[in-house]
Amino acid sequence: MTDKKLKSLSGYWMIIIQAALFAGAAYVLSLPNLGAVAMLIFFIDLVLIRGYFTAQNGESVLVSLMGKYKGTVKNSGFYWTHPFRKIQRLNQKDHINHIGPWNTFAKDGVELEMSVEIRWRVEDAAKVFYELSDPQESAQSIAKETAQTLIEMYPYENNGTERVSLRLHSSTINSAYATALKKKFLEAGIVLESARFNGIRSLKKKHNPEEALTLAQQLVNDIHELKPLSDKEKSNMQVQLISLLMTEKI
């Protein structure tokens, strides 16, 4: 489903036409034996009143007839269309959403707290209305999912093997995010005005097995300095420490 322009008659022209019908009905009523015809014209004139509607600045008016989409009016004004039509209004002004914070992990295993800010507007009203159950919720969901995917592609720290890191290259990350999100929004009938990360904050590092083993050995050595332990006790303590580190309890 995509937008198509609705050819609507100006409401002011229709008022003139209805005034002429009303005058004609009054004339017919004055003729002998034509009262029923005059009443029919009056009734039709009253039904036609239902076809008037207005479109405001910053909104799209979607018109459907018997459940079938007929077209969209995007220009503000006073219009007339089929009296049994149904209209739906969709705000096309800019929306600003602050999403987050939420936690995730970077490529190098660093746990992060992040949030994003997006500014967008509806471009294709028919696509948005008929394909997205809730434009606000859908836009935020797409923005969060895109940010999550992007963050997982880059390390937080620059370890010498990566050209871009989250901590040192914020402008590059923001640009990549806006580019990716703009493409996804267009597919949904939405235009992205701006998008950026409000914050990417490191919380803690996810331990890998090598780091866990190193830290466990250091702890065992420190304990050994304080109190003599048997080899078996050292081995048992090391296993316990590694287990704790791998489950991120310390």
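**A tour from the sheet to the helix pair**

Begin by selecting strand 3 (residues 59-65) together with strand 4 in this predicted model, where the two strands pair in the antiparallel sense over 5 bridges. Within this pairing, pick out Ser64, which stands opposite Tyr69 in strand 4.

Next, widen the selection to the whole sheet, which is open, consists of 3 strands in the order 4-3-6, and is paired in the antiparallel sense. At its edges stand strand 4 (68-73) and strand 6 (86-91), each of which has a single partner strand, so that one side of each is left without a neighbour in the sheet. Looking from one strand to the next, you will find a twist that averages 25°.

Now leave the sheet and select helix 1 (residues 11-30) and helix 2 (residues 35-48), whose axes come within 8 Å and cross at roughly 165°. Because angles over 145 degrees count as roughly antiparallel, helix 1 is described as roughly antiparallel to helix 2. The crossing of helix 1 and helix 2 is left-handed.

To see what fills this contact, show the side chains of Met14, Gln18, Leu21, Phe22, Ala25, Ala26, Val28 and Leu29 on helix 1, and then add Gly35, Val37, Ala38, Met39, Ile41, Phe42, Asp45 and Leu48 on helix 2. Colouring these residues by class will show 13 nonpolar, 2 polar and 1 charged residues in the contact of helix 1 with helix 2.

Methods:
Residues numbered from 1 in each chain as written. Predicted model: local features only at pLDDT ≥ 70, side-chain atom pairs only at ≥ 80, totals over all residues. Heavy atoms only, no water. Axes fitted to C-alpha atoms, helices over the stretch in contact; angles between N-to-C directions. Helix = DSSP H or I, 4+ residues; strand = E, 2+ residues; numbered from the N terminus. Parallel < 35°, antiparallel > 145°, perpendicular 65-115°, else oblique. Left-handed = near helix turned anticlockwise from the far one by under 90°. Contact = heavy atoms within 4.5 Å. Nonpolar A, V, L, I, M, F, W, Y, C, P; charged D, E, K, R; others polar. Pairing = 2+ DSSP bridges.
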